[in-house]
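Let's take a friendly walk through a protein model together. Have the sequence and the 3D view ready, and turn the model as you read.

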Amino acid sequence: MGHGLVAVPRRLYRNANISNRLRRIQSQAPIVDEKLKDSITKLEDLESQLTQLRQRKNGISREHQEWIEELSDASSLPESRLLSTGLHPSNTTVPAVITDRYLAELARKLSRARHKRLRFIDTWDRLVQDAADTQAILDASASKRLDFGNPSPYSSSFIER
């Protein structure tokens, strides 16, 4: 037998008790929050490294300068924040000689860090929504009226739009 045949009844059995389900969701929250903060910190470090590269004028060829501009254009930081982050030096240092390999690795790390941050933001949003729904079910047990309220305009689900 595969794992799926065991996981479905186990999930049904575990989700049958609403208070335990809420407790499990609440126990996942610190883990997801920590991973989200770590991913945001990692992305900010990489973007500060990119800012250091942008401020550098000497020793960078025109090709590399264009590549750095493309990376900073795709960056999630606004222009004002790009300038302000450069004032606080980070613990990462930019090498003296900028190579294609270094820029390719930086671009790959930036892309992965952005996707990781988005993934954990989505996971956090789903966790908060599940907790709110579960709490609404738990609160409705006394009054026997279930109301989830209006859907959030910031919801990531395309069905609700």
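In which helix does R54 lie? R54 lies in helix 2, and we will come back to this residue once the surroundings are clear. Before that, a word on what you are looking at: this is a predicted model, in which local features need pLDDT of at least 70 and side-chain atom pairs count only at pLDDT 80 or more, while totals for chains, interfaces and linings use all residues. Residues are numbered from 1 along each chain as its sequence is written, and side-chain values use heavy atoms, with hydrogens and water left out.

Start with the overall picture. The protein chain has five helices and zero strands, so the pattern along the sequence reads α-α-α-α-α (helices are DSSP runs of H or I with at least four residues, strands are runs of E with at least two, and both are numbered from the N terminus). Of the 161 residues, 24% are buried, where buried means under 20% relative accessible area, exposed means over 50%, and partly exposed lies in between, with a 1.4 Å probe and protein chains only. Among the contacts (heavy atoms within 4.5 Å) with a separation of 6 or more, 78% join residues 24 or more positions apart.

Now look at how the helices pack. Two packed helices are described by the angle between their axes and the distance between the axes. Here the axes are lines fitted to C-alpha atoms over the stretch in contact, and angles run from 0 to 180 degrees between N-to-C directions. Angles under 35 degrees count as roughly parallel, over 145 as roughly antiparallel, 65 to 115 as roughly perpendicular, and the rest as oblique.

Take helix 2 (residues 18–55) and helix 3 (residues 62–73): their axes are 10 Å apart, at an angle of about 140 degrees. Helix 2 and helix 3 are therefore oblique to each other. Helix 2 contributes L50, L53 and R54 to the contact, and helix 3 contributes Q65, I68, E69, L71 and S72. Sorted by class, these are four nonpolar, two polar and two charged residues (Ala, Val, Leu, Ile, Met, Phe, Trp, Tyr, Cys and Pro count as nonpolar, Asp, Glu, Lys and Arg as charged, and the others, Gly among them, as polar).

So R54 is part of that contact. Is R54 buried or exposed? Its relative accessibility is 18%, which is why R54 counts as buried. R54 and L71 are 17 residues apart along the chain, and their C-alpha atoms are separated by 9.7 Å.

Helix 3 also packs with helix 5 (residues 100–143), at an angle of about 5 degrees and with the axes 11 Å apart. That makes helix 3 roughly parallel to helix 5. On the helix 3 side you will find H64, W67, I68 and L71, which meet helix 5 residues including L103, L106 and R114. This contact has eight nonpolar, one polar and two charged residues.

Finally, how do helix 2 and helix 5 lie relative to each other? Their axes come within 8 Å and cross at roughly 155 degrees, so the two helices are roughly antiparallel. Their contact holds 23 nonpolar, seven polar and nine charged residues.

One last stop in helix 2 is Q49. With 10% relative accessibility, Q49 counts as buried. Q49 and V94 are 45 residues apart in sequence, and 6.8 Å apart in space from C-alpha to C-alpha.
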